[in-house]
Amino acid sequence: MVVTVRFGPWVARHVPLPGFLVTLGQASLPVFVTHLILVLLVLGTLGGDQYARSWPADGLLLAGVFGTLYLVARLVLWRDRRRAAKGLPVRAKPGVALASAKPLSAADGALPTVAAGAPSAPAPVGPVAPLAGTVPGGPPGA
């Protein structure tokens, strides 16, 4: 952490960002969801045994998954540009939605209201009956 704090700004100024990482980062939520779907598909079809496939097969699988993630990121950014050109809403950018959002209030109808005279807390619940077939204080079926 000390190294990051000390040398982070210098690295940020002098080391160029790889374009594919920027693209993946700009569409991070759709890319993450696609990643989850691909992981579940691969585990469901090929199984979780890491020794069942050869190194070349794993390399092809990894290249295919990263290619799919990059394709999803490009498609999401392309769709966002098209929607913005038409004046339609696009995905919220980080920090923009929170900065522009106004607090919710009951006047907006967004928060539930309590009628006058109604209790503000739920009524207390009585004792719960034991499950059928069990004896209080003993194992089930005893």
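**Figure 1. Surface of the chain.** In this predicted model, the chain exposes about 11800 Å². Carbon and sulfur atoms supply 72% of that exposed area. Of the 142 residues in the chain, 9% count as buried.

**Figure 2. Helices along the chain.** The chain has five helices and zero strands. Read from the N terminus, its elements follow the order α-α-α-α-α. Among the contacts that join residues at least 6 apart in sequence, 51% link residues at least 24 apart.

**Figure 3. Confidence in the predicted model.** The mean pLDDT of the chain is 78, and 64% of the residues reach 70 or more. Where is confidence highest, and where is it lowest? The highest value belongs to helix α3, residues 28-46, with a mean of 95. The lowest belongs to helix α5, residues 96-100, with a mean of 47.

**Figure 4. Two spans annotated in UniProt.** An unreviewed UniProt entry lists residues 20-47 and residues 59-77 under "transmembrane region". In the model, the span of residues 20-47 is 93% helix and 0% strand, and its end C-alpha atoms lie 29 Å apart. The span of residues 59-77 is 100% helix and 0% strand. The end C-alpha atoms of residues 59-77 lie 27 Å apart.

**Figure 5. Packing of helix α2 against helix α4.** Helix α2 covers residues 19-26, and helix α4 covers residues 55-85. The two pack at an angle of about 65 degrees, with their axes 8 Å apart. The crossing in which α2 passes α4 is left-handed. Which residues of α2 meet α4? They are F20, T23, L24 and Q26. On the α4 side, the residues met are L69, Y70, A73, R74 and L77.

**Figure 6. Close-up of T23.** T23 is found in helix α2 and is among the residues of that helix that meet α4. Is T23 buried or exposed? The relative accessible area of T23 is 11%. Buried means under 20% relative accessible area, so T23, at 11%, is buried. With neighbours within four places in sequence left aside, T23 is in contact with Y70, A73, R74 and L77. These four residues also appear among those of α4 that meet α2.

Definitions and conventions:
Residues are numbered from 1 along each chain as its sequence is written. This is a predicted model: local features need pLDDT of at least 70, side-chain atom pairs count only at pLDDT 80 or more; totals for chains, interfaces and linings use all residues. Side-chain values use heavy atoms; hydrogens and water are left out. pLDDT is the predictor's confidence in each residue, from 0 to 100. Buried means under 20% relative accessible area, exposed over 50%, partly exposed in between (1.4 Å probe, protein chains only). Contact means heavy atoms within 4.5 Å. Accessible areas come from the Shrake-Rupley method with a 1.4 Å probe; for residues, only the protein chains shown count as cover. UniProt positions are given in the numbering used here, feature names are shortened, and annotations may be inferred rather than shown by experiment. Axes are lines fitted to C-alpha atoms, for helices over the stretch in contact, and angles run from 0 to 180 degrees between N-to-C directions. A crossing is left-handed if the near helix is turned anticlockwise from the far one by less than a right angle, and right-handed if clockwise.
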